[in-house]
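Biologist: I am new to this structure and would like to learn how to read it step by step. Could we go from the whole chain down to a single residue and then to a pair of helices?

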Amino acid sequence: MTALLAPTYFGPVQWYQKLFRYPRVVIDVCDSYQKQTYRNRCLIAAANGVQALTVPVQSQRSDGGLPSAASPYVSFHGHWQHQHWQALQSAYGDSPFFEYYEDDLRPFFTETDRWPLLYDYDEAIRRKLCELLDIQPCVVPPPIPTPLSSGKERPSAALSPEGSAPFHDFRSAIHPKHAAPDADFQPRRYYQVYEQKHGFLPNLSILDLLFNMGPESVFYL
């Protein structure tokens, strides 16, 4: 069985659960970019409740490079990288494991010009978080679309319900605003810094689980 996922920016616990539990995962980089998804935002538990951190994107590179339908370019205008890191420090500075992981994660907020495409940035983050979580998912590349006689394209059998490789499509189920039902994901409580103030906040960014549970995070997944 294969899980079909959209790319994420420090994706939610539910997204990493699929990486951990499915024998194969396809991260769909061929689908057109959609706004207001986890591709360029994550949700954290801050002092005032749930806070969204959003990566600004643009359709063209600063040097005039051509736009990409599947992945926009990260915008480096403003100081969003610094603001995101400050938000994480403020939200999780008192968590049990923030100091343990901060050196591994800081480069994503200070060296983001290394990843001009949003997908490359998201993928670098995923690889690092899998390393920190100590999980080794089998992530396979998406299939090359098959041309039709009309000139349009269709997904190959690997992404077709009639194909020989069955899959579960979680691209719409894992969404910050319009999540579809997912019977396989039942959020379970774990320690959170602001739980006494806000109650337990489920399915936040994987960073929330990692900073609060550390090496035990994998057992939650």
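Biologist: How many helices and strands are there in the chain?

Modeller: In this predicted model, the chain holds eight helices and 10 strands. Of its 221 residues, 48% count as buried, and among the contacts between residues at least 6 apart in sequence, 64% join residues at least 24 apart.

Biologist: What supplies the area that the chain exposes?

Modeller: About 11400 Å² is exposed by the chain, and carbon and sulfur atoms supply 51% of that area.

Biologist: Turning to a single residue, is Gln 192 buried or exposed?

Modeller: A residue counts as buried when its relative accessible area is under 20%, and because the value for Gln 192 is 3%, this residue counts as buried. Gln 192 is found in the loop between strand S10 (167–169) and helix H6 (195–198), and its side chain reaches the backbone oxygen of Leu 201 at 2.8 Å. Leaving aside neighbours within four places in sequence, Gln 192 is in contact with several residues, among them Phe 200, Leu 204, Asp 208 and Asn 212.

Biologist: At what angle do helices H1 and H5 pack?

Modeller: Angles of 65 to 115 degrees count as roughly perpendicular. Helix H1 (residues 13–21) and helix H5 (residues 118–133) pack at about 70°, with their axes 12 Å apart, and H1 and H5 are therefore roughly perpendicular to each other.

Biologist: Which residues of H1 and H5 meet?

Modeller: From H1, Trp 15, Tyr 16 and Leu 19 meet Ile 125, Arg 126, Leu 129, Cys 130 and Leu 133 of H5. The residues of this contact divide into seven nonpolar, no polar and one charged.

Key
Residues are numbered from 1 along each chain as its sequence is written. This is a predicted model: local features need pLDDT of at least 70, side-chain atom pairs count only at pLDDT 80 or more; totals for chains, interfaces and linings use all residues. Side-chain values use heavy atoms; hydrogens and water are left out. Helices (H or I, at least four residues) and strands (E, at least two) are DSSP runs, numbered from the N terminus. Buried means under 20% relative accessible area, exposed over 50%, partly exposed in between (1.4 Å probe, protein chains only). Contact means heavy atoms within 4.5 Å. Accessible areas come from the Shrake-Rupley method with a 1.4 Å probe; for residues, only the protein chains shown count as cover. A polar contact is a pair of N or O atoms within 3.5 Å; within protein, one must be able to donate a hydrogen and the other to accept it, and residues adjacent in sequence count only if both atoms are side-chain atoms. Axes are lines fitted to C-alpha atoms, for helices over the stretch in contact, and angles run from 0 to 180 degrees between N-to-C directions. Angles under 35 degrees count as roughly parallel, over 145 as roughly antiparallel, 65 to 115 as roughly perpendicular and the rest as oblique. Ala, Val, Leu, Ile, Met, Phe, Trp, Tyr, Cys and Pro count as nonpolar, Asp, Glu, Lys and Arg as charged, and the others, Gly among them, as polar.
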